[in-house]
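Before this goes further, here are some comments on the coordinates, set out point by point. Please read them with the structure open beside you.

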Amino acid sequence: MNKKELSEADIRTKFIMPALDKDKQGTWDTMLQIREEYFFTKGRVIVRGKTVRRGEAKKADYLLFYKPNLPIAVIEAKDNKHSVGAGMQQALEYAEILDIPFAYSSNGDAFLEHDRTAKSGTVTREIPLHQFPTPEELWDRYCKSKGYTPAQESVTTQDYYDEGSGKAPRYYQLNAINRTVDAIARGKDRLLLVMATGTGKTYTAFQIIWRLWKSGSKKRILFLVDRNILADQTKTNDFKPFGKAMTKITNRTIDKSYEIYLCLYQAVTGTEEDRNIYKQFSEDFFDLIIVDECHRGSAADDAAWRQVLEYFSSATQIGLTATPKETREVSNMEYFGEPIYTYSLKQGIEDGFLAPYKVVRIGIDKDLDGWRPEAGKLDKYGQEIEDREYNQRDFDRNMILEKRTITVAAKITEFLKATDRFSKTIVFCENIDHAERMRQALVNANSDLAAENSRYVMRITGDNDEGKAQLDNFIDPESTYPVIACTSQLMSTGVDAQTCRLIVLDKRIGSMTEFKQIIGRGTRINEDYGKLYFTIMDFKQATSLFADPDFDGDPVQIYSPDEGESVVPPDAIVGGDDFGEDEAPYGGVPLPPIETGHTGGSPTKYYVDDVMVKVAVERVQYLGADGKLITESLTDYTRKAVRTNYCSLESFLAAWNSAERKQVVIDELSQQGVFLDELAAQEGSDYDAFDLVCHVAFDRPPLTRKERADQVRKKDIFTKYGEQARVQHCVCKSAKH
């Protein structure tokens, strides 16, 4: 058979694989070093109405490894109708994403090589098939570009921990681990890793520690965390392979016979006596310190445990966070340096490793308009209320409108009843008192289920031992109860709630760091339990932070129900309004502070039970394929998406008729968020995909399936679309023959 007639798969089988697996010393091991059709992303989760699908996953034709988890080259193949270098652009894109030094393209005649390590001279060259470099050749070139000494090379080639289950690190985890180990091997001693919540920071830290520990370059390691539950989870799960070499510091007496130490920040930043605990170790005792959630104060000059880091200044120190903090008072980068690797929330959602989300915005009238009591008004306990205007900054802090809490609880309950009443839900409240009042309101709103099990709604806050004892059950996918957790701060960070489907924001959030941490409670995907996306219900304008340039993950939908309307977003996008894409919700940023009139001390807390509240009118937004918020109908969105691909009806007809499978065209539109079955539910379920597109995108009257069948029988299928379309169809048909 002529090589030009071979498919890309044939080219790979007959020419590329034999070139890699050639019969000579140093050949590539087909079992350990070659991965063909290597999928390295999952494909973005696309949500439209009730339909949830995955987009296309990224796939390299070949990924070559020097050793397991040390990728060194990527190859993109093309059929022989293309040139040798036709796949190079794609190979380079993948090489950049995967942090790989060598990229190749081939059409079966030869290889085109691009050496990403080359700083001068020959960067790209064509080489014959039979001269493809061996693993040792590529690794030697890579080591020379890095300037490794033999000792440094031995560290960078240290094996990963392999539990034997076949579990492999994701590509971004490999990037983070390999970059960190490489930097430490070459002498860098302050590093910052930024990885979005839900992307496996602790697992990444474990593999870094394991490789450095096993290589002998770091013998004693301290891992600092900020929550007791995180220390326990880490010890039991990701760090379990360290076995008897590991201990958790739990009292003031230090056992120096271990090599891996887990410790709470609080163990060294509590009382003056506690702060001296670390001094039981010599200053050079630890070789490596990893600070988890380092945004919580490790970089502040006056932080008590900054003294700990400075005491162990000779140790290599790594900051680990999803949200680096950069303020006048605190700078992670000032202390640890620029991030050595960043994997953002936005990228995690794009790759399909993190769950996207819808947003239901609910504006309560008193929050938006403020409330002023009439002269001499008393609260429920007989206190005269200070005469001034109270607004969102006051509510649930010093002004308690009890019917507001009841309204919020009713909206949460309405949403759960319309979706799933056993969806794990976290309600973030202003403070512990607010969390308790919200618990009571939710119990009353869900009295039937609360009567069946008292743990249906629970307050999980730092002061409540009963609630804290249920935290493990809340995050356990197999445990039904608790279902709704009311909290203030305790669950805002570090809680691995894999099946959380609803996050309620009923607290003001002024910090981007806190906002990202809270959003991160829902971003984990658990396909075994059908968790692919989640919903944020926002009562406090907190999602205005989506418009902040520092926010890196956009919602798939923002829905603001009108007064009296269901809080469950409609299945199809409804008409929008005239708001601009970048405009803050509710017409602006959160309200500025208002002078209270107090001359000193804390303001009096008022409890008011006779003021009515209601939901105000707002807007609907969705996320487009370009990642920007749009305010338009599903029909308008479909029209724009189709016309982006096909400038005219004729070009669409040509593509439709020339496609080997009509599903190819449908799949291409689906990748852009155009789900024709959702559109059919809105426009008319008796229309097929062809008629829907022609009707919505090109304003052609649609045919029902019955009408189309009649047209086919009459052999006049394109009469409806005009003479030009019929000519185009004939041209396409003759071209195929």
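The points below begin with the chain as a whole and then turn to its cores, a helix pair and two residues of interest.

1. The model is a predicted one, and everything that follows should be read with that in mind. The chain has 737 residues, of which buried residues make up 55%, and its secondary structure comes to 25 helices and 26 strands. Among contacts between residues at least 6 apart in sequence, 71% join residues that are at least 24 apart.

2. In the largest nonpolar core there are 85 residues, and those with the most contacts inside it are Val74, Ile209, Phe239, Phe242 and Leu505. Helix H5, covering residues 171–185, gives this core its largest share, which is nine residues. Apart from this core lies another, of 36 residues, which includes Trp371, Ile412, Val427 and Tyr456. As general background, nonpolar side chains tend to be buried together in soluble globular proteins.

3. Val74 deserves a look of its own within the 85-residue core. With neighbours within four places in sequence left aside, the residues in contact with Val74 include Ala60, Tyr62, Leu63, Ala91 and Tyr94, and also Ala95, Ile100, Phe102, Ala103 and Tyr104.

4. How do helices H13 and H14 cross, and at roughly what angle? The axes of H13 (residues 402–418) and H14 (residues 432–445) come within 9 Å and cross at roughly 50°, and the two helices are therefore oblique to each other. The crossing in which H13 passes H14 is right-handed. On the H13 side the contact is made by Thr405, Ile406, Val408, Ala409, Ile412, Thr413 and Lys417, and on the H14 side by Arg437, Met438, Ala441, Leu442 and Ala445. Sorted by class, this contact has eight nonpolar, two polar and two charged residues. Ile412, one of the H13 contact residues, is also among the residues of the 36-residue core.

5. Arg437 lies in helix H14, and because its relative accessible area is 13%, Arg437 counts as buried. Beyond neighbours within four places in sequence, Arg437 is in contact with Asp396, Ile400, Thr405 and Tyr607. Asp396 is 41 residues from Arg437 along the chain, and their C-alpha atoms are separated by 9.6 Å.

6. His434 is also placed in helix H14. Is His434 buried or exposed? Its relative accessibility is 0%, so His434 counts as buried. Setting aside neighbours within four places in sequence, His434 is in contact with Asp396, Cys429 and Asp506. Asp396 therefore deserves inspection from both sides, as a contact of buried Arg437 and of buried His434.

Key
Residues are numbered from 1 along each chain as its sequence is written. This is a predicted model: local features need pLDDT of at least 70, side-chain atom pairs count only at pLDDT 80 or more; totals for chains, interfaces and linings use all residues. Side-chain values use heavy atoms; hydrogens and water are left out. Axes are lines fitted to C-alpha atoms, for helices over the stretch in contact, and angles run from 0 to 180 degrees between N-to-C directions. Helices (H or I, at least four residues) and strands (E, at least two) are DSSP runs, numbered from the N terminus. Angles under 35 degrees count as roughly parallel, over 145 as roughly antiparallel, 65 to 115 as roughly perpendicular and the rest as oblique. A crossing is left-handed if the near helix is turned anticlockwise from the far one by less than a right angle, and right-handed if clockwise. Contact means heavy atoms within 4.5 Å. Ala, Val, Leu, Ile, Met, Phe, Trp, Tyr, Cys and Pro count as nonpolar, Asp, Glu, Lys and Arg as charged, and the others, Gly among them, as polar. Buried means under 20% relative accessible area, exposed over 50%, partly exposed in between (1.4 Å probe, protein chains only). A nonpolar core is a set of buried Ala, Val, Leu, Ile, Met, Phe, Trp, Tyr and Cys residues joined through side-chain atoms within 4.5 Å.
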